[in-house]
Each structure stands twice: as C-alpha cells, then as structure tokens.
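Here is a short report on helix packing, the chain interface and the nonpolar core. The sequence and model come first.

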Amino acid sequence: MPKVAAIQLKFFRAQSVADLEARLVAAIQPAVDDGAQLVVLPQHVGLALLGAAGAGADPLPVLRQKGKALLRAFEETGAELAVRFKVWLAPGSIIGADGESLVAQSYLFAPDGRIAGRQRQTHLGALEKAWGLARGDSLDVFDTPLGRIGLVLGEDVRYPEVARILTLQGATILIHIAALPAPFDEQARLASLWREVQSNQVFGIEACLVGECLGQAYAGPSSILAPVEMTEGGRGILAQAVTTDGEQAVLADLDFDALQKVVDGYPIFHYFNYDLYAREFPKAYYASRS
Amino acid sequence: MTTFRDWLTEKGLAAMLWWKSRPGLVSNALAQQPFQRAESPSRDHVKVGLAQMRMELAASAADYAQHAYRLTRNAVERGAQFVVFPEYTGAPLLGLLPGVQALASGRSMQEAIGELTGGAQVSVGDVFRAVAPAARKIYLDTFSTLARKFNIHLMAGSIVLPESDGNLYSHAHLFAPDGRLIGMQRKLHLFTSEEGWLTPGDELRVFDLPFGRVAMPICMDYTFWETTRLAYLRGAEILIDPAADDRSDNEWLAARGVRTRVHESPCYGLYVFIVTDLFGLHWRGRSSVYAPGANGRALARAESDDQEQVVVCELDLAALRAFRAEHAPEFNLPLYEKYLPRVYADYRASEQAGRRVLSRPVRD
C-alpha cells in the first residue's frame with residue numbers, strides 16, 4: 001500500500017535558495033522517516049524565493065524581471081529534494097515566467113530527480129488575474145509506481161471540470177496544491193478537494209499553506225481523503241492535521257483494494273449521461289460567454 | 001398465450017383501479033378543507049416550503065390527497081409561496097393495488113412482489129406500470145388542485161410513469177398557481193437500484209417563474225456536477241433536489257448532493273427528502289436549504305431525519321444575483337473543448353463490461 005504525506009507548511013521568505021532547501025528538508029524529513037513514498041507540499045512554496053530575489057511589498061516587478069530564474073531555481077530545488085529523499089515529490093507551486101507570460105506552475109518529481117510532470121493552473125483567482133497570469137491549457141496525468149496522479153493547483157479545485165478531466169484520464173490520486181483562506185471552516189472545506197474525491201471516487205491529498213502570504217491569510221488542516229464509504233466514521237478523511245495554523249506532516253496508506261470495492265459497489269461513472277453532455281455542454285458553455 | 005382467467009384478472013384490475021381513481025375523488029376529498037391563499041412572490045423574494053414527506057401507502061385517492069394537503073397547508077400557513085415535494089411522491093399510490101398494504105412492512109419490495117404474485121416473474125417496474133394509470137390521475141389531480149387552491153407554485157416531487165416509447169421514467173412535475181402543469185423533468189442519472197427497470201431522461205429543463213429560474217433534476221442527478229453546471233449555464237437560480245436516500249443519516253454522505261453543488265454552480269439548493277421504513281427501506285434525510293457563500297451551512301434545516309416535517313425559508317434572489325455577479329465562475333472554454341468530449345468518449349469505450357477498473361500501484 002503506498003504511503004503518502006501532505007506537508008502543512010507556514011509561508012516564509014527565504015534568504016537564499018539554500019535557505020529554502022534547508023527549510024524544506026526539515027519539513028520533509030519527518031514524513032520520509034515515517035515511510036512516505038509520495039510527499040506533497042502546498043501552493044506558493046516557491047514564492048519563498050521572492051525574499052532571496054529581493055522583492056518588496058509588491059513582488060510583481062521582481063516576478064516579471066526574475067521570473068525565469070525563480071522558476072529554474074525552484075525546479076532545481078525540487079529535483080535535489082526528490083533525489084535526497086528518494087521519494088516522489090510534489091514540491092508545491094511557484095509563480096514564474098515563461099517567455100513573456102507569468103504562470104502558476106506545480107510539479108511532480110521522480111525519485112531520480114527528473115520532472116515526471118508539470119501542471120499549470122488552468123483557472124485563475126483574483127490576485128492571479130490582477131497580476132495578468134496566463135492560464136494553463138492542458139491537464140495531464142502522470143503514471144508512477146504508486147498510482148496515476150493528477151495535479152490540481154490552487155483555484156482549479158473550484159472547477160469540477162478539472163478533477164473530472166483528470167480522473168477520466170485514469171488518475172486515482174488527486175493532489176491539491178492548496179492555499180485555502182483562513183479561518184478554517186469545516187463546512188466550506190466540503191467544497192474543496194473533498195467534493196472532488198467523492199464525485200470521482202479517488203484518493204485526495206490536500207497540502208495547505210498556512211500563515212500570511214502576499215497579504216492573504218491561509219489555514220489548514222491539510223488532509224488525505226478517500227470516498228466516505230471507506231473511511232472511519234464515514235467522513236471521507238483518512239488523516240488530517242491536528243492544527244489549522246501550525247506545521248505538520250500528515251500521513252496515510254492508500255488502500256487501492258478498498259477503493260476498487262467502493263467503485264464496484266457504487267459505480268458512479270457507469271451512470272454518466274454521455275449523450276446529454278455531448279449535445280448540451282458545447283452550446284451551454286459558449287452561450288455563457290455572451 | 002393469454003388465458004380467459006388472465007384476461008379477466010387484467011380487466012378486473014383495470015376496472016378496480018379506474019374505480020379508485022375515478023373523476024371527482026380528489027376534489028371531493030378536499031372539498032371540505034380550508035384553503036388559505038398564498039400571497040404572490042415578488043421578483044426578488046420567495047418563501048419556499050420543503051415538504052419532508054413520510055411515505056405511507058395510500059389506500060385511496062382521498063388518503064393521498066389529504067396527506068399532500070396537510071403538508072402543503074402547513075407550508076402555506078407559514079408563508080410559503082413555492083412548495084416542493086421529494087422524490088417518489090407517487091409511490092404511496094402503490095397502496096391502491098390489492099394486497100400491497102399487508103406486505104409493505106419489514107421486507108424488500110421484490111420479496112413483497114414475489115409473495116403478492118405467488119412467485120411469478122414480476123419486476124418492480126411491472127408493479128409501477130400496473131398502478132400507473134390510476135396513480136397518474138390521482139397525483140396530477142391532487143397537486144394541481146393544491147397549487148390552484150393555495151395559489152402557489154408547486155413542485156410535486158416525482159412519480160414513476162410509462163411513456164409512449166414503452167419505457168418507465170421518473171418524472172418531477174411543476175404546477176402554476178392556476179393549477180396548470182407547466183413543467184416536467186425526467187431523472188437523468190439512475191441509482192444502482194433503479195437500473196434495469198427505469199430509463200434515464202435525455203433533456204435538462206430550466207423553468208422561468210416570476211421569482212426566478214428553476215431546475216428540478218432528481219436525486220442521483222446531483223451526484224454529477226454536469227447536471228447542475230448545465231442548469232447554471234442555462235440560468236437556473238434555484239435547484240430543487242427531490243431526494244430519497246437510504247444513507248442520508250450520514251451527514252457526509254448526504255453532503256454529496258446539492259449541498260456541495262451550490263458552491264461550484266452558485267444557486268440556491270432545496271434538498272427535500274422522502275422518509276420511510278416501508279418495504280425494508282430506511283430512507284432518511286434532513287431537508288435543507290443551501291446557498292453559495294454561506295460556508296456550506298444550511299439556511300434552514302429539518303430537525304428530524306425520519307419524521308414528516310415542513311421547512312420554510314425565504315430566498316433572497318436579489319442577493320443571489322449580486323453574489324453571482326461578483327463570484328461568477330470564469331470558465332476555461334478552450335481547455336474543456338480540448339478535453340471533455342475526448343475523455344468522456346475514451347472512458348465510455350474503456351469501461352470493461354460496465355466496470356471501472358482503477359489503475360493500480362505497482363506491487364513490490
């Protein structure tokens with residue numbers, strides 16, 4: 001059974017790339033010591049490098065000027081961490097530059113340090129729109145020995161289209177690289193990755209940023225999720241951080257036999273109304289633009 | 001080959017059901033009841049009443065009409081202008097069939113049917129089909145009369161009926177304050193226990209009412225975000241979820257319905273349950289009203305999950321419209337165009353004899 005970890009991390013401004021790496025080593029080490037084979041970090045982790053890049057209160061000029069270098073430094077850090085710990089690593093996300101465009105990007109690194117997958121955010125939040133980020137135009141899944149993985153970055157979790165596209169391509173583990181607004185609200189959290197895990201009958205790993213970042217307060221708890229039928233107390237949670245504002249590694253084993261039983265007993269995808277979707281969605285989406 | 005005895009039995013049943021649903025029974029049953037006429041709603045505000053109904057078999061049209069009357073009256077006396085009923089509100093009319101009343105407790109529907117028919121190969125669908133001519137008349141007459149006499153819009157919940165193509169569908173019905181039937185919605189996604197005898201519909205409809213645009217897909221339809229997204233894209237503001245659920249005593253299971261859907265497709269959500277212990281079923285649920293931006297909490301909620309109760313709540317459509325203007329989803333249409341048609345088609349082709357086989361980790 002694969003053991004996975006969501007790392008709940010407080011936002012910080014790194015003084016250097018080495019400083020970022022040292023902080024992440026300290027955060028990841030306990031999870032690896034407990035046997036994690038896949039480790040997930042939160043959204044905006046790479047923005048810690050804004051400190052090293054000398055960004056002030058408005059980081060936009062630095063992002064525009066040094067965005068490519070930031071992206072490269074974050075990728076190198078992710079690769080080094082994956083190799084160091086010999087784990088599959090989703091090191092969170094960064095905003096960087098690709099050509100003339102700013103983009104929000106997350107990664108999946110293999111234990112040998114290669115980039116197994118990149119995922120750009122495909123729907124933008126208010127700040128990302130204000131900064132003029134370009135949204136991603138692809139949603140791909142990544143095969144690993146632990147299962148087929150789909151990355152859901154930030155705001156993308158609000159759009160059920162994203163999780164459906166990923167799970168219909170066979171993803172059985174959805175990773176949400178998350179920064180969810182504080183304070184924590186259990187009811188509102190049902191509208192995050194929890195909903196997509198239930199709708200698509202897959203595992204979910206939600207790693208949350210906590211603390212202040214770019215003028216916004218964020219809170220956990222980070223969690224590892226599964227369909228309610230296979231979780232204790234029927235809540236859909238395999239493991240969850242005990243704190244909403246502190247740092248913690250959350251670990252759980254993913255029981256794929258149990259997941260397959262849930263799908264066989266209640267085969268949601270079997271009941272798709274394909275013809276309705278094919279006939280109605282194109283015109284409904286495009287009509288919504290006018 | 002049909003024997004004389006079969007013919008006689010069939011004609012006898014048809015005659016009996018005709019007699020039990022003959023014209024005038026519903027109006028006579030309600031003739032002596034007082035009706036308080038509801039005030040008409042404004043464009044921006046409507047008070048809704050959720051009739052959490054306990055499914056009990058009705059021995060007669062009068063029983064059925066009076067039961068629906070009591071719930072509707074309760075809602076209207078508390079100010080409701082739009083009353084909604086749950087899924088399977090037509091099912092109590094199975095009580096019109098001879099022998100069903102005696103078999104309804106403590107066994108499954110299929111076992112009860114087996115006992116009733118002496119082990120003949122009769123399906124649940126056959127039973128609904130048999131009672132349909134009478135049930136259709138009583139159901140439509142009851143809810144049309146209630147809508148007209150209380151001066152309300154009324155969503156009557158759903159009833160299983162055959163259509164001209166010979167198939168059985170679950171239909172929700174919508175009535176205007178003058179008693180006219182102004183809308184129908186077939187269930188679009190079946191539940192596991194309905195597969196084989198019900199047929200899913202192929203059209204989602206949105207209805208313009210004086211206070212807002214309403215969609216009324218049924219129960220399992222809300223397991224699929226596709227349903228509510230389509231309704232939202234077509235302008236729906238109020239999503240009615242007529243539900244029957246044997247697992248809704250688990251709050252987290254019940255949260256998989258309209259409750260979470262209103263956050264991705266911002267609408268009001270009316271979650272209205274039928275509850276029962278008939279035929280070995282244990283349908284439970286606390287009828288609730290949900291809104292986007294309310295942190296997932298119910299604006300109003302039934303206290304009991306197994307008793308009859310009416311929940312009344314005012315909907316502020318002006319506030320909803322303002323919320324939607326500020327928080328409208330911004331779709332990535334090129335992304336959907338690139339992927340959605342292909343991934344549905346690929347998945348459809350890949351299902352192995354109807355089974356979704358998950359990709360698995362590589363074992364050590």
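The sections below go through the model topic by topic.

## Basis

This is a predicted model, in which local features need pLDDT of at least 70, side-chain atom pairs count only at pLDDT 80 or more, and totals for chains, interfaces and linings use all residues. Residues are numbered from 1 along each chain as its sequence is written, while chains are lettered from A and ligands numbered from 1 in the order in which they are written.

Helices (H or I, at least four residues) and strands (E, at least two) are DSSP runs, numbered from the N terminus. Contact between two residues requires C-beta atoms, placed from the backbone, within 7 Å.

## The chain interface

In chain B, 48 residues are in contact with 56 residues of chain A. On the chain B side, α7, α8 (251-254), α9 and α11 (333-350) each supply at least two residues. Helix α11(B) gives the most, with 11 residues.

By class, this side of chain B has 26 nonpolar, 11 polar and 11 charged residues. Ala, Val, Leu, Ile, Met, Phe, Trp, Tyr, Cys and Pro count as nonpolar, Asp, Glu, Lys and Arg as charged, and the others, Gly among them, as polar.

## A covered helix

Helix α7 of chain B spans residues 225-233, and nine of its nine residues are buried. Buried takes 20 or more other C-beta atoms within 10 Å of a residue's own; exposed takes 12 or fewer; partly exposed is in between; C-beta atoms are placed from the backbone. The buried residues include W225(B), R229(B) and L233(B).

Both chains take part in the cover. It includes α5 (160-168), α7 (193-200) and α9 (274-287) of chain A, together with β7 (212-215), β8 (238-243) and α9 (258-264) of chain B. After α7(B) comes G235(B), with a positive phi near 100 degrees.

## Two crossings of α5(A)

Within chain A, the axes of α5(A) and α7(A) come within 10 Å and cross at roughly 40 degrees. Axes are lines fitted to C-alpha atoms, for helices over the stretch in contact, and angles run from 0 to 180 degrees between N-to-C directions. The two helices are therefore oblique to each other; angles under 35 degrees count as roughly parallel, over 145 as roughly antiparallel, 65 to 115 as roughly perpendicular and the rest as oblique. The crossing is right-handed (near helix turned clockwise from the far one by less than a right angle; anticlockwise is left-handed). P160(A), A163(A), R164(A) and T167(A) meet E196(A), S199(A) and N200(A). These divide into two nonpolar, three polar and two charged residues.

Across the interface, the axes of α5(A) and α11(B) come within 9 Å and cross at roughly 45 degrees. That makes this pair oblique too. Here the crossing is left-handed. E161(A), I165(A) and L168(A) meet Y336(B), Y339(B), L340(B), V343(B), Y344(B) and Y347(B). The split is eight nonpolar, no polar and one charged.

## The nonpolar core

A nonpolar core is a set of buried Ala, Val, Leu, Ile, Met, Phe, Trp, Tyr and Cys residues joined through C-beta atoms within 7 Å. The largest has 206 residues; I7(A), V40(A), V84(B) and L93(B) touch the most other members. Helix α6 (residues 124-150) of chain B gives the most to this core, with 12 residues.

Leaving out residues up to four places away in sequence, L93(B) touches seven named here: A58(B), Y64(B), V131(B), A134(B), A135(B), I138(B) and Y139(B). L140(B) lies in α6(B). It counts as partly exposed because it has 19 C-beta neighbours inside 10 Å.
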